[in-house]
Amino acid sequence: MPHETLKIPQATAKRLPLYYRFLKNLHSSGKQRVSSAELSEAVKVDSATIRRDFSYFGALGKKGYGYNVNYLLSFFSKTLDQDELTKVALIGVGNLGTAFLHYNFLKNNNTKIELAFDVSADKVGTKIGDVEICHMDELEERLADQGISVAILTVPAQVAQPITDRLVHSDIQGILNFTPARLNVPASIRVHHIDLAVELQSLVYFLKHYPMEEATEPDGHAEPFID
Ligand code: ATP
């Protein structure tokens, strides 16, 4: 969740996790400062954009010195609420859902899949890693019990909307939708949509029909695929 006192443009906000991941790596390798050119090369965002983004955080790089890694890191950590664990539920334990349950999200940010849900009798009652797979009948009750605020949807497209309607009536604030379905939600709920098949198709299309320069934004980085 964004820091309450902070008002930064959405485009900048979307780049925060990217900056944060890179700075964490720098920090663990013992680096104390970084230039916008170095950052630019590593995260593939042009340095003018980085300087503008960082000016929103009150981080003004000094000429010939760059940015203080510790300062930026503690700022990002606070802004991205890294001290607080965000609990996530995964709904639909198919191929993609199973892969996510095996993936350690905690490596890069403070989110953890606490519970998974499915309707398949073969899956309900089993565990993947330390995550229990519950029946959809228990959805509302288990989400409330655990204080879960974010859901990942990896169910077949045709059931995505009815499941979303149930999520809307629980305390879910955000949905990461991996199904091709476009979801209707009230304005109070945020949906990020990632359609892997469409992304792949779009990449192949761009490779075939556009030279590299035209396939990227003027500042040189590809449009992020979440909307
Ligand atoms: P994927 O699309 O992730 O590759 P898959 O091809 O293995 O998965 P799908 O048919 O897409 O299987 O279903 C994904 C998962 O969603 C399955 O485990 C299925 O049991 C589960 N599922 C189907 N309907 C529902 C529902 N109404 N609620 C919750 N889970 C469901």
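In what follows, Ala, Val, Leu, Ile, Met, Phe, Trp, Tyr, Cys and Pro count as nonpolar, Asp, Glu, Lys and Arg count as charged, and the others, Gly among them, count as polar. The structure described here is a predicted model, and the account begins with its second largest pocket before turning to the ligand.

By this classification, the lining of the second largest pocket divides into 9 nonpolar, 3 polar and 3 charged residues. The space in this pocket comes to about 190 Å³, and among the 15 residues that line the pocket, those closest to its centre are Asp118, Val119, Val155, Pro156 and Val159. Two elements, strand S4 (111-118) and helix H7, each supply at least two residues of the lining, and H7 gives the most, with 3 residues.

It is in this second largest pocket that the ligand sits. Two or more residues of the shell around the ligand come from each of helix H5 (95-102) and helix H7 (157-168), so that H7, by the definition of helices as DSSP runs, is an element to follow in both descriptions. The shell itself holds 15 residues, of which the closest to the ligand are Val93, Asn95, Leu96, Asp118 and Lys123. Sorted by the classes given at the start, the residues of the shell comprise 8 nonpolar, 5 polar and 2 charged.

Which atoms of the protein approach the oxygen atoms of the ligand? On the backbone, an N or O atom of glycine 94 lies 3.4 Å from an oxygen atom of the ligand, and a polar backbone atom of asparagine 95 is 3.2 Å from an oxygen atom of the ligand. From a side chain, an N or O atom of aspartate 118 is 2.6 Å from an oxygen atom of the ligand. Taken alone, the ligand would expose 620 Å², and the protein buries 66% of that area. Aspartate 118 thus appears twice in this picture, being named among the residues closest to the ligand and also among the lining residues closest to the centre of the pocket.

A separate feature of the backbone concerns lysine 44, which is placed in the loop between helix H2 (36-43) and helix H3 (47-56). Most residues other than glycine have a negative phi. Lysine 44, however, has a phi near 60°, a positive value in a residue other than glycine.

How values were computed: Residues numbered from 1 in each chain as written. Predicted model: local features only at pLDDT ≥ 70, side-chain atom pairs only at ≥ 80, totals over all residues. Heavy atoms only, no water. Near = heavy atom within 4 Å. Polar contact = N/O pair within 3.5 Å; in protein donor to acceptor, adjacent residues only side chain to side chain. Areas by Shrake-Rupley, 256 points an atom, 1.4 Å probe, with all protein chains shown as cover. 1 Å grid on protein atoms, 1.4 Å probe; cavity = no way out; pocket = protein on both sides within 12 Å on 5 of 7 lines; lining within 4 Å. Sits in = over half its atoms within 2 Å of the grid points. Helix = DSSP H or I, 4+ residues; strand = E, 2+ residues; numbered from the N terminus. Points joined across faces, edges and corners; volume = space filled by probe spheres on them.
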